[in-house]
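Dear colleague,

Please find below the structure that I promised to hand over. My notes on it follow, and I should be grateful if you would read them with the coordinates open.

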Amino acid sequence: MDTLLSGQLLFAALVSGSLYALVALGLNLVYGTLRLLNIAHGDLVMIGAYTAFWLFTLFAIPPLVSLVIAAALCALLGWAVYAGLFRRMLAKPDLAKRVEANSLILFYGISVILQNLAALAFTSSSRGYQYLDTVLTWQGVSMTGNRLLSLGVATTVCFGTLLFLRFHLFGWGLRAVIQRREAAQVVGVNMNRIQLATICGGFAVAGIAGVLVSMTEQITPFMGFPFTIVAFVVIIIGGLGNIGAGILAGFCLGLVETYGIALTSPGYRSILIYGLFVAVLLIRPEGIFTKAVRS
Amino acid sequence: MAFLDIKGVSKRFGGLMALNDVSLQVEQGEIFGLMGANGAGKTTLFSVIAGHVPPTAGEVIFDGTRLTGLSPSRICRRGLCRTFQIVRPFAGLTVAENLRVAALYGSARKLSETEIAQVVDDALEAVDLSDRRQLDAAQLTLSGQKRLEIARALATGAQLVMLDEVMAGLNPTEVSAMLDTLGRLRRERGLTFVIVEHVIGALMTLSDRILVLDHGERIAFGTPEEIGNHDRVAEVYFG
Amino acid sequence: MKNVSITLGLALAALGVAAPFTGSPYLMGIVFQLAMWIALAQSWSMLSATTGYLSLGHAVFYGVGAYVCVLLTGLIPFEFALIAAAAAAALFAALVGMPVLRVRGPYFVILTYGLSELVRHIVMRIESALGSFGRMLFDVPPIEVLLWWMVGLATLATLGAFVIRHSRFGAGLAAIREDEVAAETVGVPVARLKLLAFIASAAIPGAVGGLALLRTSYFEPAQAFDPVISFTIVTMALVGGTETVRGPILGALGFTLLSEFLWSSLPQLYMIVLGLTLITFILFVPRGLSGLVDSIKGAR
């Protein structure tokens, strides 16, 4: 019982919660504006992680710098996916008819390609590097520098994005698209620009999350999928397209997962996550936190 | 006993009372009109009768059996079918296939292949779509798709058909063709219709009796003539 | 076109029956794989091609079948174990079908995926709690026998898919694919038909999972429920074309041959080709190889 009340566990929950919130934020942005579920989202985390790993091991570039590079790389990928695939698909009426289910399969294809490209290029073996791993102790809680940094960056990016969406004109346009798609178009919001910017932004956020993950965990070409699932759980609980509630839900999931595992054993982690995933989809695919607002 | 007997039906959506204690009786072979402004509860009433939405209170009796609580597919097999205001064709199937599904599944008993072919032909002829039978439903014009909605309901072998704004969006020529079609179906097949219509002229011409709803409540009931002269209706409806 | 399809089907079936007489383990191995993918892709099409509910979790039925089969092998003759495997997969579909089939569109796709992964992790947990890290099977039937069984399943699945498409059942499923609400309104019992299609589409993959297990004579939950199986099924069926019964056969044929060239030497490259082909076909050839064949013939 003592361990459950310790600050140690709370710290662990916050670190993973902030990361989940961040990964889910990217997925939610893309879903909110394009209404497409990006099942390859976790693979962008993987790409971000490899970017940081190689930059650090080959050129000793610190992860804080890699953040920018990984974000740019993933944003570029977002542009390629949007311009190369989705504008094409949305332009064809017979494809646009079943665009949601089709796009899910399409994203799955992209996911398989990214994973196997990474496996081909970097082999399947897991990799890691040491960075800021000295232990700091504060109020009896031991923290490594990299975890503190991860918590700090993830929280900053999450709330920074939230503030940006609230106060910048682009954010207003974006929220208009999320809430009233057709109306936004009518009042002159440039859909194309917003969708492109959001997919790049959403992908970039995933890349940033990947850099953070690489500082504390082993990385492999197939590490992405669990992140996709976690992000789905988070945004389904928080409500698809609801950015603020999604961030809150990310932290909640971090708590549930950390304490759930502390009460049982790490072997139950996947069962817990997939169980939650199946449960929320069966109960309310449109989201749980948004229930009151919608009806 | 009335053919369709709606007893004190209410439907509440959250804080909104979409239908409040509505009762009405439809006799076999008549054309019964439903009038009311947008949001008056006409479509909700259709959804309750057809089994898409469970009522908060009240019950629906059709041809002596209670429909309330049955699924839409079972209600259809008992002989009551509806159309949709916003058409819902099986877009990827041909016109004939649309009707074939209705004939296969909608009738109370299992039909033979010859009977099905006959039902499909009859329904096509009734709405004048025989020459388009091989087209995909998606390729029909709006008027064509509205007629397909009716034909599909007919092909189920329904004795009572509820038509939700089948005239909306049609031009005057098409409206008058539709009026002819419905009148003929009633005469030749003894079908009963409940119709919701925004085209008031059409409703007045076609209906034997009309019920007027406003904010989910019944405010007037009578022959088209009586409704035309009704003070409250004039106030609510014609402004 | 019909004659061509029937000829193709008969030729494949004859190849399956005759392969063991060549005595070539290599040929038997390929034909076994081909029959397996045809059986899986056809079964998948019974639900997903007919109703448009795209399942990305058919590995779960394969895995359940394999698991049941490994538990029963040695206790009862393998023929009965295979039937039990099919029954278990069908039963599993019947149990989860009602709630799962209420979820539509893209949510259904990811739900089937998540469900398959959930079951995989549960089985992995059970196995490790039992202290088992992979189970070996002894005294498995010879490859010839397994091959005939697999060819039988592929034939059964193809006939099943054909019968469903041309029956009253299939007409109802097509109506569900086009518009569920309208289908219900004209008398189609939507929930029941969807559930029946789900069960029909689960049974044969259960037996296939059992057979594949007997072939490798080794059970490991992570492999038996491998999501790559689901992905391969979907890719084969979509690339082959979902509008006809010959589509999944063409898809299975193409990718089985491709995997012979690539899988053993460069498995990652095979997966990349699989992904690229899937994307290309969804975007540019939505009617699949089968539609492509039609339009080429039409153009002549």
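How many residues of chain A are in contact with chain C? The model is a predicted one, and in it 34 residues of chain A are in contact with 33 residues of chain C. On the side of chain A that touches chain C, the elements giving two or more residues are α4 (63-91), α5 (93-97), α6, α11 (224-238) and α13 (269-283) of chain A. Of these, α6(A) provides the largest share, with 15 residues. By character, the residues on this side of chain A divide into 25 nonpolar, 6 polar and 3 charged.

Helix α6 of chain A, which spans residues 99-122, also holds A:Leu117. This leucine is partly exposed, because 18 other C-beta atoms lie within 10 Å, whereas 20 or more would be needed for a residue to count as buried. A:Leu117 is 92 residues from A:Ala209 in sequence, and their C-alpha atoms are 20 Å apart in space.

I turn next to chain B and its two open sheets.

One is an open sheet of 6 strands with mixed pairing, in the order β6-β7-β8-β3-β9-β10. Its edge strands are β6 (80-82) and β10 (217-222) of chain B, each of which pairs on one side only. From one strand to the next, the twist averages 15 degrees. Within this sheet, β7 (residues 160-164) and β8 (residues 192-196) of chain B run parallel and are joined by 5 bridges. B:Val161, for instance, has B:Phe193 in β8(B) as its bridge partner.

The other is an open sheet of 4 strands in chain B, ordered β2-β1-β4-β5, with antiparallel pairing. Here the edge strands are β2 (16-26) and β5 (65-66) of chain B, and each pairs on one side only. Strand β1 (residues 4-13) of chain B is joined to β2(B) by 7 bridges, and the two run antiparallel. Among the residues involved, B:Ile6 has B:Leu24 in β2(B) as its bridge partner.

Helix α1 of chain B deserves a look alongside both sheets. This helix, residues 42-50, lies across β3 (31-35), β6, β7, β8 and β9 (209-214) of chain B, and runs at about 150 degrees to β7(B). Helix α1(B) also lies across β1, β2 and β4 (57-62) of chain B, where its angle to β2(B) is about 65 degrees.

With kind regards

Terms used. Residues are numbered from 1 along each chain as its sequence is written. Chains are lettered from A and ligands numbered from 1 in the order in which they are written. This is a predicted model: local features need pLDDT of at least 70, side-chain atom pairs count only at pLDDT 80 or more; totals for chains, interfaces and linings use all residues. Two strands pair if DSSP finds at least two bridges between them. Axes are lines fitted to C-alpha atoms, for helices over the stretch in contact, and angles run from 0 to 180 degrees between N-to-C directions. Two residues are in contact if their C-beta atoms, placed from the backbone, lie within 7 Å. A residue is buried if 20 or more other C-beta atoms lie within 10 Å of its own, exposed if 12 or fewer, and partly exposed in between; C-beta atoms are placed from the backbone. Ala, Val, Leu, Ile, Met, Phe, Trp, Tyr, Cys and Pro count as nonpolar, Asp, Glu, Lys and Arg as charged, and the others, Gly among them, as polar.
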